[in-house]
Every structure is written in structure tokens, then in C-alpha cells.
Amino acid sequence: MDSFFARNRLSAYLDGTLPEDEAAEVARALAADAELAAEYEAMRAAVAHLRRHGPVEAPPGFAARVMRAVEEEPAPGGAVARLRALLRRVPAEAVALAAAAAIVLFVLQQRPESPTRPEPAAGGAAAPAEAPGTDALPDAA
């Protein structure tokens, strides 16, 4: 078992919830990797401390300070983050309508020009039109 695999199982190993074969593999990885063993020992000591002393209350105003710090953080991503923030304020229907309009415009741009209709013949009578979808067949003599 590599150290990455074992590191992801340290918590379950500490709690005793791993299957026997995986627990044995983690134990071997701990014996072979001093850094992993130190990480496990720190985790074990932290869990023992928490079990011994139980939960503690956060200091007064802690939640407000954390929220203020989060709000003051610059938005990651620059232009992308600003665009996302802008789109969050626009109703979904408006975004859908704009996307539909863009698709229609794109499709219309891709269509070939429609053929022009023949001009009426002199005297106002239009040339006889063939039925749509039929080709002129030669006379069978």
C-alpha cells in the first residue's frame, strides 16, 4: 500500500473501522514511512486530547469575525467571478431568453440565401410554376 492510500485511511484506522486486511496494510505503511507515522501520531494525540477534554465553546464574536474575514476576501477568478456574480442577480428566465435569441441568430446566419422567385412575364401573367418537388420530365414519345 502506498503512503497516499494509507494517509486517506488514517482516520478509519485510528477509529478501528477498517477491515482487517486494510488495517494490516496501513500498519505496514506506518512502519515503513516515518512521515506518515508522525502524521498518524499527531492525529492520535489530537483525538485523545479531544476525548479527554470534550468540546469547547468558541470565544465570543468568533463567528462574526470569521464571516467578516470571508466577506473581505477578494473574489477568486477575476472577470469570471464578476460575471458569475452578475449572472446571479439576473433572473434565470432572462438568461434563457438571451441564450435562445443567440441560438436563433446563429441558425439564421447559417442558412443559405433563399432562391429568388421569377419575375412576372410581360403582360402581368406569371410563368407557370411547376409543382414543388417535381422535376420536368421529358415527353415520352
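## Salt bridges, core and overall fold

At 35% relative accessibility, R44 counts as partly exposed (between the buried class, under 20% relative accessible area, and the exposed class, over 50%; 1.4 Å probe, protein chains only). Its salt-bridge partner E41, at 37%, is partly exposed as well. The two side chains meet with an N to O distance of 2.4 Å, where a salt bridge is a side-chain nitrogen of Lys or Arg within 4 Å of a carboxyl oxygen of Asp or Glu. R44 and E41 sit three residues apart in helix α4, so about one helical turn separates them. All of this comes from a predicted model, in which local features need pLDDT of at least 70 and side-chain atom pairs count only at pLDDT 80 or more, while totals for chains, interfaces and linings use all residues. Residues are numbered from 1 along each chain as its sequence is written, and side-chain values use heavy atoms, with hydrogens and water left out.

The structure holds four salt bridges in total. Besides R44 and E41, they include the pair of E39 and R7, whose closest N and O atoms are 2.7 Å apart. This one reaches across the chain: E39 belongs to helix α4 (residues 34-53) and R7 to helix α1 (residues 3-7), 32 residues away in sequence. On the accessibility scale, E39 is partly exposed at 31%, and R7 falls in that class too, at 29%.

R9 pairs up with E22, and here the closest N and O atoms lie 2.9 Å apart. R9 is in the loop between α1 and α2 (10-15), whereas E22 is in helix α3 (residues 20-32), so the bridge ties together parts that are 13 residues apart in sequence. R9 is partly exposed, with a relative accessible area of 21%, and E22 comes out as partly exposed at 22%. R9 has an aromatic partner as well, lying over the face of F5 at 3.3 Å from the ring centre (the rule asks for NZ of Lys or CZ of Arg within 6 Å of the ring centre and within 35 degrees of the ring normal).

R9 turns up again around L18. Setting aside neighbours within four places in sequence, L18 is in contact with R9, A12, Y13, A23 and V26, contact being heavy atoms within 4.5 Å. L18, A23 and V26 are also among the ten residues of the largest nonpolar core, alongside A6, L10, L14, A29, L30, L36 and Y40. Such a core is a set of buried Ala, Val, Leu, Ile, Met, Phe, Trp, Tyr and Cys residues joined through side-chain atoms within 4.5 Å. Helices α2, α3 and α4 are the elements that give two or more residues to this core, with α3 giving the most, four residues.

As for the chain as a whole, its secondary structure comes to seven helices and zero strands (DSSP runs numbered from the N terminus: H or I, at least four residues, for helices; E, at least two, for strands). Buried residues account for 9% of the 141 residues. Among contacts between residues at least 6 apart in sequence, 45% join residues at least 24 apart. The accessible surface comes to about 12200 Å², and carbon and sulfur atoms make up 62% of it (Shrake-Rupley method, 1.4 Å probe; for residues, only the protein chains shown count as cover).
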